[in-house]
Amino acid sequence: MMKKKLALTTALAVAVTSILVVGGSLAYFTDTDSKENVFTVGDVDIRLDEEFIPDSKLYPGEEKDAVKKEVDVTNTGSEDAFVRVHIAVPAELDNNGYLHLVKGGDEWSWADQAYTSTIGNLNYNVYVATYPEGLAPEDTTVSDAITGVYMDAKVTNEIIEELKNKGIILTGSGSDTAKRLNIQVMAEGVQTAGFESADAAFAAALPYSGASNPFNQYAQNP
């Protein structure tokens, strides 16, 4: 049987930074430290889009207090493509319910469980959302994978200090005393041609498990 020729792309936005302080101080969500790395094979090309409101205040609270963080994907190539996103939240924040993602529209299909990945020297829980419908060239996902991020109301100054001591939250130097944490986002795309579904396409082109994932390279290069 003839081996399928796969066309794929991966877009990586690293170190999406939020600045947060609890109590009487302010908190901000910014993208001043974000960057994007893209590699492609074949004719598939995608763009990861993230929209923030710079200097939005991030207080402990509820979903209604979420900071705007809209994540979607655009097909910028010449071929129809399936797309998915990986959203990495520091495991300490996620496991303790300190930080929450606000999921977007029902058009996205979320994996039943997050997987774990060590990025840099921190452990992350990574949530995966797949867009089941193929995107035609120049099309953008109808809805955002996530629309925001919020800190749980139970977070206190003492908790922030504990997280800072563990290196999960970082404090600026000099006159910059803001506290920062990173949420990392990866977007991937695979051609629709030759595949019946997005799941089948990604299973063939970019399977992930354990240490084999887009943040730490795949076991086999596509």
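The face of helix α2 turned away from its buried side carries the exposed residues Glu158 and Asn165. In this predicted model, α2 spans residues 157-165, and its buried residues are Ile159, Ile160 and Leu163. These three residues lie on the same side of α2 because they cover an arc of only 100° around the axis. The spacing agrees with a general property of such elements: an α-helix has 3.6 residues a turn, so residues three or four places apart point the same way. The buried residues of α2 pack against two elements, α1 (91-95) and β14 (179-191). Just after α2, Gly167 adopts a positive phi of about 80°.

Helix α3, formed by residues 198-205, also has a buried set, which consists of Ala198, Ala201, Phe202 and Ala205. The arc covered by these residues around the axis is only 90°, which puts them on the same side of α3. On the other side of α3, Asp199 and Ala203 are exposed.

As a whole, the protein contains 3 helices and 14 strands. Of its 222 residues, 47% count as buried. Contacts between residues at least 6 apart in sequence were examined for their separation along the chain, and 75% of them join residues at least 24 apart.

Individual strand residues illustrate such contacts. Asp49 is located in strand β4, which runs over residues 46-52. Its C-alpha atom is separated by 5.7 Å from that of Val73, a residue 24 places away along the chain. When neighbours within four places in sequence are left aside, Asp49 is in contact with Glu70, Val71, Asp72, Val73 and Thr74.

Thr147 belongs to strand β12. With a relative accessible area of 30%, Thr147 is partly exposed. Thr147 and Lys69 are 78 residues apart along the chain, yet their C-alpha atoms are separated by 5.2 Å. Beyond residues up to four places away in sequence, Thr147 touches two stretches of the chain: Val67, Lys68, Lys69 and Glu70 are among its contacts, as are Val102, Lys103 and Gly104.

Ser117 occupies a position in strand β10 (residues 115-119). The residue is buried, its relative accessible area being 4%. The C-alpha atoms of Ser117 and Phe215 lie 7.3 Å apart in space, although 98 residues separate the two in sequence. Residues up to four places away in sequence not being counted, Ser117 touches Leu122, Asn123, Tyr124 and Val126, and also Asn213, Phe215 and Asn216.

A further backbone feature is found at Glu138, in the loop between β11 (122-135) and β12 (146-152). Glu138 has a positive phi of about 75° although it is not a glycine. In contrast to the buried Ser117, Glu138 is exposed, with a relative accessible area of 70%.

The interior was also examined for enclosed space. The structure holds 1 cavity of 30 Å³ or more, and the volume of the largest cavity is about 40 Å³. Its lining comprises 10 residues, of which Leu93, Tyr98, Leu99, Met151 and Leu181 are the closest to the centre. By class, the lining has 10 nonpolar residues, with no polar and no charged residues.

The confidence of the prediction varies along the chain. The mean pLDDT of the protein is 77, and 73% of its residues reach 70 or more. Confidence is highest in strand β9 (residues 109-110), at a mean of 98, and lowest in strand β2 (residues 28-29), at a mean of 32. Over residues 1-5 the pLDDT is below 50, and this stretch has 3 contacts in the model beyond near neighbours in sequence. The pLDDT is likewise below 50 over residues 9-42, a stretch with 120 contacts in the model beyond near neighbours in sequence. Where pLDDT is low, the predicted coordinates should not be read in detail.

Technical notes: Residues numbered from 1 in each chain as written. Predicted model: local features only at pLDDT ≥ 70, side-chain atom pairs only at ≥ 80, totals over all residues. Heavy atoms only, no water. 1 Å grid on protein atoms, 1.4 Å probe; cavity = no way out; pocket = protein on both sides within 12 Å on 5 of 7 lines; lining within 4 Å. Points joined across faces, edges and corners; volume = space filled by probe spheres on them. Nonpolar A, V, L, I, M, F, W, Y, C, P; charged D, E, K, R; others polar. Buried < 20%, exposed > 50% of the residue type's maximum accessible area, 1.4 Å probe, protein only. Helix = DSSP H or I, 4+ residues; strand = E, 2+ residues; numbered from the N terminus. Arc of directions from axis to C-beta. pLDDT = per-residue confidence, 0-100. Contact = heavy atoms within 4.5 Å.
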